[in-house]
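Reader: Could you take one small part of this model and look at it closely for me? I would love to start from a single residue and then follow the chain outwards from there.

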Amino acid sequence: MSSKPGTYELGPQNARLLVDTRRAGAAAKAGHDLTLEVTEWNGTLRLGEEPSDTAVALHADGSSLRVREGRGGMQKLGEDDKQNIQQTIDDEVLKSTSIDFRSGAVEGVPESGHLLVRGELEFAGRTNPIEFELTQRDNGHITGRATVKQSDWGIKPYSALFGALKVADEVEVTVDAKLGG
């Protein structure tokens with residue numbers, strides 16, 4: 001395994017948790033692909049000698065997503081736009097609920113630096129299985145990416161202009177961390 005076995009605490013102090021959205025619909029050119037950052041969260045990565053001894057847990061405040069970047073669109077995304085998006089996420093999409101993940105199984109070859117993590121993701125009042133790959137490097141850097149289909153959690157993707165502009169159902173969630181020690 002690329003990093004030493006042990007328990008590592010993760011959060012904004014040593015990692016970034018990002019959500020990338022894409023636009024869809026007939027008026028997609030008018031909207032923006034967004035990068036949102038979760039600003040209040042914590043996680044634990046327990047690396048064992050074997051993948052089966054490894055566990056991942058994460059808790060995030062669903063009201064702490066902040067717009068960091070807007071790509072595309074007919075005009076630049078302004079600060080008022082960012083605040084409106086944040087308010088919409090809080091009021092209509094996540095409804096300020098918490099987001100929790102717990103691994104159930106981890107597989108992989110320790111020396112490869114790649115682990116397949118399976119577990120349950122809970123938010124918006126529902127719990128569903130999800131899996132993603134974690135990649136470790138010798139310098140203690142770890143990354144992971146998961147695709148979350150909003151409708152699987154009962155979330156209707158945001159839309160405007162009578163549905164002509166909407167957020168794609170699938171969003172990408174990434175973690176990028178530097179493990180201590």
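Author: Happy to! Let's start with K95, which counts as exposed because its relative accessibility is 56% and the cut-off for exposed is over 50%. Please keep in mind that this is a predicted model. K95 sits in the loop between α1 and β8 (98-109). Its backbone deserves a look too: phi of K95 is positive, near 55 degrees, and the residue is not a glycine.

Just ahead of K95 comes helix α1, so let's step back into that helix. Helix α1 covers residues 79-93, 15 residues in total, and spans 20 Å from its first C-alpha to its last. That is close to the 21 Å expected at 1.5 Å a residue. Several residues of α1 are buried, namely K82, T88, I89, D90 and V93. Among the elements that cover these buried residues are β4 (33-38) and β7 (65-71).

K82 has a partner in the helix as well: the side chains of E79 and K82 form a salt bridge, with 3.5 Å from N to O. Why can these two meet? E79 and K82 are three residues apart in α1, which separates them by about one helical turn. An α-helix has 3.6 residues a turn, so residues three or four places apart point the same way. The two partners differ in their surroundings: K82 is buried, whereas E79 is exposed, with a relative accessible area of 54%.

From the helix we can move to β7, one of the elements that cover its buried residues. There we meet another charged pair, in which the side chains of D20 and R71 form a salt bridge at 3.9 Å, N to O. This pair links distant parts of the chain, since D20 belongs to strand β2 (residues 15-21) and R71 to strand β7, 51 residues apart. R71 is partly exposed, at 29% relative accessible area.

The structure holds nine salt bridges. Let's follow one more of them, to β9 and β10: R118 pairs with E131, and their closest N and O atoms are 3.0 Å apart. Here too the pair links distant parts of the chain, with R118 in strand β9 and E131 in strand β10 (residues 126-136), 13 residues apart. R118 is partly exposed at 30%, and E131 is partly exposed as well, at 44% relative accessibility. Elsewhere, salt bridges with shared partners join R16, E37 and R68 into one network.

The backbones of these two strands are paired too: β9 and β10 run antiparallel over 10 bridges. Within that pairing, L116 stands opposite E133 in β10. Together β9 and β10 make a hairpin with two residues between them. In that turn you will find an echo of our starting residue. A124, in the loop between β9 and β10, has a positive phi of about 55 degrees although it is not a glycine. With a relative accessible area of 28%, A124 is partly exposed, whereas K95 is exposed.

Next to the aromatic residues. The structure holds two aromatic pairs. In one of them, the ring centres of F123 and W153 are 5.1 Å apart and the planes make an angle of 20 degrees, so the pair is stacked. F123 lies in strand β9 (residues 114-123) and W153 in the loop between β11 (141-149) and β12, so the pair ties together parts that are 30 residues apart in sequence. F123 counts as buried at 8% relative accessibility, and W153 counts as buried at 3%.

F123 also leads us into the interior. The largest nonpolar core has 38 residues, and those that touch the most other members are W41, L45, L94, L121, F123 and L134. Strand β9 gives the most to this core, with four residues. For a closer look at one member, take L45: leaving out residues up to four places away in sequence, L45 touches partners that include G6, Y8, L10, V56, L134, I142 and L179.

To finish, here is a sheet of three strands. They form an open sheet in the order β3-β13-β12, with antiparallel pairing. Its edge strands are β3 (23-24) and β12 (159-160), each of which pairs on one side only. Strand β3 pairs with β13 (residues 165-167) over two bridges, and R23 has V167 as its bridge partner in β13.

Conventions: Residues numbered from 1 in each chain as written. Predicted model: local features only at pLDDT ≥ 70, side-chain atom pairs only at ≥ 80, totals over all residues. Heavy atoms only, no water. Pairing = 2+ DSSP bridges. Phe/Tyr/Trp six-rings, centres within 6.5 Å; stacked < 30°, edge-to-face > 60°. Buried < 20%, exposed > 50% of the residue type's maximum accessible area, 1.4 Å probe, protein only. Expected span 1.5 Å × (residues − 1). Contact = heavy atoms within 4.5 Å. Core = buried A, V, L, I, M, F, W, Y, C linked by side-chain atoms within 4.5 Å. Salt bridge = Lys/Arg side-chain N within 4 Å of Asp/Glu carboxyl O.
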